[in-house]
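Here are my comments on the model you sent. Please read them with the structure open.

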Amino acid sequence: MIPIPQYPLYSASLAEMGITQIGYYLNEAKNWALDGAELERALEENKKCCIPKCIVVINPGNPTGQVLTKENIQEIIKFAHKHSLFILADEVYQHNVYAEGSEFFSFKKVLMEMGEPYSSMELVSFMSCSKGYMGECGLRGGYAEVINMCPQVKVNYLKSVSAMLCSTVIGQACMDTVVNPPRKGEPSYEMYMKERQAVLDSLNIRAKMVVDAFNSFEGFSCNPVQGAMYAFPRITLPPKAIEAAKKANQHPDVFYAFQLLERTGICIVPGSGFGQQPGTFHFRTTILPQPEKLKAMLEKFRNFHLEFVEEYK
């Protein structure tokens, strides 16, 4: 089971390995929360063609930017226990939380706090130095923490991992600095905390800039970016634009994205690449450009959108 919208690595990996994909829709009206009834629907509908074994949860969300509440995580854990599902928790953006009132809770911590029978459930959580506030995308490094895995399965898992190439030495060294940051009392602690907070504060400002701008565009609706590094606004496209997309043999959101790229040089990723509710259109964009560049980009985006709507109204 994977969320929709989702990071396309999951659907691509499932297709490569011949594993059935069970998509469950995130609830956009509730800031992309996971809905228990939707999880049950997705599971029951797919029991006809497969035996569900795992559920993937991305928190903070990519591409949706939500941060799950502790209560929502507890609900997911109870659902997974009820149906004997292995939990795969993608938590690579755990340090990137901005919205007031939002807080990151790890699945492992919540699982253990809930006690038996939940604390004995199988879980793998993922972390990386290539994402988050570190943002060292060129230094590929990460880890998977395996909890309560069946010993027989773990033997084969370790064999499989051992046959793979490991991260580069630089990537491993970078990962070490992420999991072992300077501690209070150490020489570089104050500078580290100052630089870390400056990065996160700047991303918070940029997240608000993007959301406020998109929500001021005609036909746009953008949930708050609570965490991670992306916004995933919903866009209402004029019927004539949808018809033009059909003639061009493109998804409407792909058509919009190409028009934006060709006219302005701004690159976004169409929502159809991540999955979305039928009849809705979205795109993913990052909040990473520096504030002045971001401001200029959003103004250029606004002008394009006004012209696009006028052209196809």
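The points below cover two sheets, one helix pair and one cavity.

1. Status of the model. This is a predicted model. Please keep that in mind for each point that follows.

2. The four-strand sheet. Four strands form an open sheet in the order β3-β4-β5-β6. The pairing is mixed. β3 (54-58) and β6 (142-147) stand at the edges. Each has a single partner strand, so one side of each is left without a neighbour in the sheet. From one strand to the next, the twist averages 15°.

3. Inside that sheet: β5 and β6. Strand β5 covers residues 123-128. β5 and β6 run antiparallel and are joined by six bridges. To find the pairing on screen, start at S128: its bridge partner in β6 is G142.

4. The three-strand sheet. A second open sheet has three strands, in the order β8-β11-β10. Here the pairing is antiparallel. β8 (230-231) and β10 (269-270) are the edge strands, and each pairs on one side only.

5. Inside that sheet: β8 and β11. Strand β11 spans residues 283-286. Two bridges link β8 to β11, in the antiparallel sense. A231 is a good place to look, with T285 of β11 as its bridge partner.

6. The helix pair. How do helices α3 and α4 cross? Helix α3 takes in residues 70-82, and helix α4 residues 107-114. Their axes come within 10 Å and cross at roughly 70°. An angle of 65 to 115 degrees counts as roughly perpendicular, and α3 and α4 are therefore roughly perpendicular to each other.

7. The helix contact. From α3, the contact uses K70, I73, Q74, I76, I77 and K78. From α4, F107, V110, L111, E113 and M114 take part. By class, the contact has seven nonpolar, one polar and three charged residues. The charged residues are K70, K78 and E113.

8. The cavity. How many cavities of 30 Å³ or more does the structure hold? There is one. About 40 Å³ of space lies in the largest cavity.

9. The cavity lining. The lining of the largest cavity consists of P3, P5, Y24, L26, V57, I58, G61, N62, P63, T64 and Q66. By class, seven of these are nonpolar and four are polar. No charged residue lines the largest cavity. Two of the lining residues, V57 and I58, fall within edge strand β3 (54-58).

Terms used
Residues numbered from 1 in each chain as written. Predicted model: local features only at pLDDT ≥ 70, side-chain atom pairs only at ≥ 80, totals over all residues. Heavy atoms only, no water. 1 Å grid on protein atoms, 1.4 Å probe; cavity = no way out; pocket = protein on both sides within 12 Å on 5 of 7 lines; lining within 4 Å. Points joined across faces, edges and corners; volume = space filled by probe spheres on them. Axes fitted to C-alpha atoms, helices over the stretch in contact; angles between N-to-C directions. Parallel < 35°, antiparallel > 145°, perpendicular 65-115°, else oblique. Contact = heavy atoms within 4.5 Å. Pairing = 2+ DSSP bridges.
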